[in-house]
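Let's take a walk through a protein model together, looking at how its parts pack and where empty space remains. Please have the sequence and the 3D view ready as you read.

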Amino acid sequence: MNVPFVSFKPLEKELDSQLRAAFERVYTASWYIDGKEDKAFEEAFSTYCDSKYCVGNGNGLDALMLALKALGVGEGDEVIVPSNTYIATALAVTYTGAMPIFVEPDMRTYNIDPTKIEEKITKKTKAIMPVHLYGLPCDMDPILAIAKKYNLFVIEDCAQAHGATYKGKVIGSFGDAAGFSFYPGKNLGALGDAGATITNNKELADKVRALGNYGSDYKYHHIYKGNNSRLDELQAAFLSAKLPLMGKVNENRRATAKRYLEGITNPKIILPYVPEYAQPVWHLFAVRCAQRDQLAQYLADKGIGTNKHYPIPMHLQDCYKDLEIAQGSLPIAEEISATELSLPMYYGMTNEEIDYVIEAINAFA
């Protein structure tokens, strides 16, 4: 049996007529930027996220960067980010001119450890950017308390966590703003690159929209030195077709995760930990294994796709050599990078496929 790491086919088959209709609507209207489809999706997604405003933009990186810029983060500022995440989180900070300050994760959740944040705060600190990694919500209460104590902004990186909840409340609705990615592999994925910024602050939403539209509040009038990052009509239409199925998609992923959690018994495998406060959406099912590379090859030989998230931690990437963070300085992030392996996880996996993966992992010696 072959089990891919990810497949879009089951969902696309189920939504085939809706996706084709979405394309036809946009193509027939001959309106491709800043139109009815974009506005409809923004309204629906803000409601889904229990927030007042949503601004569509080009991708998840831009969603975070534009939120930071709109909040006034820039040259000379510092933004606290987790040491264990995809590099887009840090790049969003860098592109504002600010400095990312890495804080180690909790080894159980892989999310930023709130107990380690305060020691990294300086007079230059402007914001905290927690990442709800792999679809598991961060422990937001202590993060928000620290932000309030030091008068810091909170920007949630929700790129992997559409629909996840913290203590019953949907993520993205806790901070000053939140950034989402709709990269095709995400739980809510476009058929290309796309992103969105959400907030409850109208002034902030208006500024994010202007910054993503060349700094323009109306045509040929530019109040900021902006960027070109807008959600196009076609991707908005596709996302609108998919959004109503998000509940079903996330429940399907939770069922797959439950089967993994109950079925994988190999002592060499460290399974994900879910705190009581969180209801994850399992964008990734990330296990750890001291023999990660051997496990990945073993599964590949059995036709099972896997992925490594993320094999080189951010502080050891060539692009961040200028930060001069030596190997060994962030040992938890480095340990996760060396041992993490993501198993197949996507909407529409069959029980036979899931059980095949479980049996193969339990037989790994």
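Keep in mind as we go that this is a predicted model. We can begin inside, with the second largest cavity, whose lining residues divide into 11 nonpolar, 2 polar and no charged. This cavity holds about 110 Å³ of space. Its lining is made of 13 residues, and Tyr134, Leu136, Pro272, Tyr273 and Trp282 are the ones nearest its centre.

How many cavities of 30 Å³ or more are there? The count comes to 2. The largest cavity contains about 130 Å³ of space. Lining this largest cavity are 15 residues, and those nearest its centre are Ser7, Phe8, Leu11, Lys186 and Arg253. Helices α1 (9-14) and α9 (246-263) are the elements that give two or more residues to this lining. By class, the lining of the largest cavity has 7 nonpolar, 4 polar and 4 charged residues. A useful idea to hold on to is that rolling a probe the size of a water molecule over the atoms shows where empty space is left.

Now let's turn to the pockets. The largest pocket has a volume of about 670 Å³. Which residues lie nearest the centre of the largest pocket? They are Tyr86, Gln160, Ser181, Tyr183 and Lys186, out of 31 residues that line this pocket. Two elements, α4 and α5 (88-94), give two or more residues to the lining. In the lining of the largest pocket you will find 18 nonpolar, 9 polar and 4 charged residues. You may recognise Lys186 here: this residue is among those nearest the centre of the largest pocket, and Lys186 is also among those nearest the centre of the largest cavity.

The second largest pocket has a volume of about 570 Å³. It is lined by 27 residues, of which Asp34, Arg209, Asn213, Ser216 and Arg230 are the closest to its centre. At least two lining residues come from each of α3, β1 (53-57), α7 and β10 (216-218). Which element gives the largest share of the lining of the second largest pocket? That is α7, with 5 residues. The classes in the lining of the second largest pocket are 11 nonpolar, 6 polar and 10 charged.

Next come the helices. Two packed helices are described by the angle between their axes and the distance between the axes. Let's start with α7, which we have just met. Helix α4 (residues 60-70) packs against helix α7 (residues 202-211) at an angle of about 120 degrees, with their axes 9 Å apart. Because of that angle, α4 is oblique to α7. The crossing in which α4 passes α7 is right-handed. To see the contact, find Leu66, Ala67, Lys69 and Ala70 in α4, which meet Leu204, Lys207, Val208 and Leu211 in α7. The residues of this contact divide into 6 nonpolar, no polar and 2 charged.

Helix α8 (residues 233-242) is a good next stop. The axes of α3 and α8 come within 8 Å and cross at roughly 40 degrees. Because of this angle, α3 is oblique to α8. Here α3 passes α8 in a left-handed crossing. On the α3 side, Lys36, Glu37, Asp38 and Phe41 meet Glu233, Ala236, Ala237, Leu239 and Ser240 in α8. This contact of α3 with α8 has 4 nonpolar, 1 polar and 4 charged residues.

Helix α2 also packs against α8: their axes come within 9 Å and cross at roughly 150 degrees. The two helices α2 and α8 are therefore roughly antiparallel to each other. Their crossing is right-handed. Gln18, Leu19, Ala22, Phe23, Arg25 and Val26 of α2 make the contact with Glu233, Leu234, Ala237, Phe238 and Ala241 of α8. By class, the residues of this contact are 8 nonpolar, 1 polar and 2 charged.

Finally, let's look at two details of the backbone. Ser30 sits in the loop between α2 (16-29) and α3 (36-48). Its phi is near 55 degrees, a positive value in a residue other than glycine. Further along, Tyr310 lies in the loop between α10 (292-301) and α11 (331-339). The peptide bond that joins His309 and Tyr310 is cis, with omega about -5 degrees.

Note on methods. Residues numbered from 1 in each chain as written. Predicted model: local features only at pLDDT ≥ 70, side-chain atom pairs only at ≥ 80, totals over all residues. Heavy atoms only, no water. 1 Å grid on protein atoms, 1.4 Å probe; cavity = no way out; pocket = protein on both sides within 12 Å on 5 of 7 lines; lining within 4 Å. Points joined across faces, edges and corners; volume = space filled by probe spheres on them. Helix = DSSP H or I, 4+ residues; strand = E, 2+ residues; numbered from the N terminus. Nonpolar A, V, L, I, M, F, W, Y, C, P; charged D, E, K, R; others polar. Axes fitted to C-alpha atoms, helices over the stretch in contact; angles between N-to-C directions. Parallel < 35°, antiparallel > 145°, perpendicular 65-115°, else oblique. Left-handed = near helix turned anticlockwise from the far one by under 90°. Contact = heavy atoms within 4.5 Å.
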